[in-house]
Protein chains: 2
Amino acid sequence: MTRLKLDISTSLDGYIAGPDASLQDPLGKGGERLHEWVVGLEGFRKAHGMEGGDSASPDNEIVAEATRDIGAYVMGRKMFSGGSGPWESDPNADAWWGDNPPFHVPVFILTHHEREPVEKAGGTTFTFVTDGFESALEQALAAAGDKDVAIAGGAEAAQQALRAGVVEDVTLHLAPVLLGSGASLFDGVGTDLTLRLTNVLEGPHATHLEYAVER
Amino acid sequence: MTRLKLDISTSLDGYIAGPDASLQDPLGKGGERLHEWVVGLEGFRKAHGMEGGDSASPDNEIVAEATRDIGAYVMGRKMFSGGSGPWESDPNADAWWGDNPPFHVPVFILTHHEREPVEKAGGTTFTFVTDGFESALEQALAAAGDKDVAIAGGAEAAQQALRAGVVEDVTLHLAPVLLGSGASLFDGVGTDLTLRLTNVLEGPHATHLEYAVER
């Protein structure tokens with residue numbers, strides 16, 4: 001049974017991106033600190049075509065779990081462009097994700113700019129969706145079949161998904177840092193959402209909290 | 001060795017009180033949801049002179065731990081008045097805490113209004129401090145001797161303590177609710193504070209995260 005998942009790193013003060021986020025700096029000021037827990041992990045490095053990394057950390061299990069049974073992703077434009085700036089006119093703008101991106105399934109990019117789909121090695125396809133979040137989600141659900149659909153990020157896509165009330169599982173990687181301002185994960189979501197904790201994993205650099213959304 | 005501790009409930013969106021907090025409604029709109037995890041516990045009820053409650057929950061241990069080795073508290077005026085409204089002219093305004101308040105040590109109340117100290121049964125004294133947070137903290141440290149000092153709350157006292165950079169241990173009781181707006185625990189604290197997770201306890205209604213502040 002397909003579930004819609006959101007898996008995202010957040011600061012202790014509730015920000016999923018720092019201030020002044022842009023296409024050039026998609027995580028905003030200080031936002032890279034949110035992901036310090038993950039970038040040194042063997043599981044993360046391997047998925048991104050790099051060798052080495054910490055293989056003993058329990059955080060590796062979290063990384064593996066985040067991609068297990070995912071049949072398609074919905075991704076925001078800033079995360080896709082990854083800091084490479086405006087990419088509409090640059091056919092190599094997805095170079096940031098490499099020749100063999102870590103998704104290995106269809107990825108639907110939220111954007112206002114039409115572009116032909118891009119097929120990569122290893123099963124990843126990038127499809128550009130210009131008619132909104134719901135359309136992207138619909139296409140991702142169709143592509144995923146019986147598997148799950150994940151909101152890949154970044155901040156705006158995560159907020160859109162929560163506001164739309166469609167997310168069923170939320171995993172927060174709580175990084176012990178403060179960003180002071182930026183994009184709040186639950187901004188505009190309202191106060192009716194209740195989450196039921198289903199699992200906690202304590203990593204050396206972040207606490208991983210898994211919640212099921214209750215309606 | 002005395003440590004300065006802050007132990008507080010926070011929503012998933014980072015609020016320690018809801019919007020429109022006042023002397024009459026110190027937790028703000030929806031703020032009572034932050035404490036749903038604690039009010040039904042045997043440990044909490046017993047400390048507040050009530051019988052019954054859930055004795056099997058691991059949360060009881062958290063409540064016991066929060067008061068262990070505390071030699072004095074600093075408390076904000078709204079928390080002291082507890083929704084009973086302005087109390088400066090009402091000699092019974094501390095009635096909300098009962099004849100035998102759950103502190104059993106000196107409590108220093110931050111206020112702009114002078115008032116004679118109040119001595120209660122069971123070792124609790126309420127001392128009213130009109131010359132600011134640092135003075136209250138100094139008096140609490142002196143009263144605590146070798147024991148620890150805790151910021152009892154509410155939201156403003158917690159924020160003041162964090163902004164002053166004096167808190168050494170932070171325990172967050174992360175309630176799986178959203179308040180939408182209100183008082184953010186880390187508001188105005190800046191981004192230099194880093195916290196090191198020292199313990200996690202998963203309760204049925206909240207996740208308890210213990211951090212040591214790193215300087």
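Here are three short exercises on this predicted model, each with a worked solution.

Residues count from 1 along each chain as its sequence is written, while chains are lettered from A and ligands numbered from 1 in the order in which they are written. Local features need pLDDT of at least 70 and side-chain atom pairs count only at pLDDT 80 or more, but totals for chains, interfaces and linings use all residues.

**Exercise 1.** Work out how chain B is related to chain A.

Start by laying chain B on chain A: a turn of 180° and a shift of 0.0 Å along the axis do it, with an RMSD of 0.0 Å (least squares on C-alpha atoms of residues with pLDDT of at least 70 in both copies). The two copies are thus related as by a two-fold rotation axis. Next, look along that axis: G14(B) has the C-alpha of chain B nearest to it, at 2.9 Å. Finally, check the interface: 100% of chain B's interface residues are interface residues in chain A too, so the copies meet through the same surface.

**Exercise 2.** Trace the open sheet of chain B and find its edge strands.

Strands here are DSSP runs of E, at least two residues, numbered from the N terminus, and helices are runs of H or I, at least four; strands pair if DSSP finds at least two bridges between them. Walk across the nine strands of chain B: β5-β6-β4-β3-β7-β1-β8-β11-β10, with mixed pairing. The ends are β5 (118-119) and β10 (194-202) of chain B, each pairing on one side only. Now zoom in on β10(B): eight antiparallel bridges join β10(B) to β11 (207-214) of chain B, and L195(B) has V213(B) as its bridge partner in β11(B).

**Exercise 3.** Say which strands helix α5 of chain B lies across.

Find α5 (133-144) in chain B, then follow it over β3 (70-75), β4 (106-110), β6 (125-129) and β7 (148-153) of chain B. Its angle to β3(B) is about 165° (axes are lines fitted to C-alpha atoms, for helices over the stretch in contact, and angles run from 0 to 180 degrees between N-to-C directions; contact means C-beta atoms, placed from the backbone, within 7 Å).

Note on methods. Contact = placed C-beta atoms within 7 Å.
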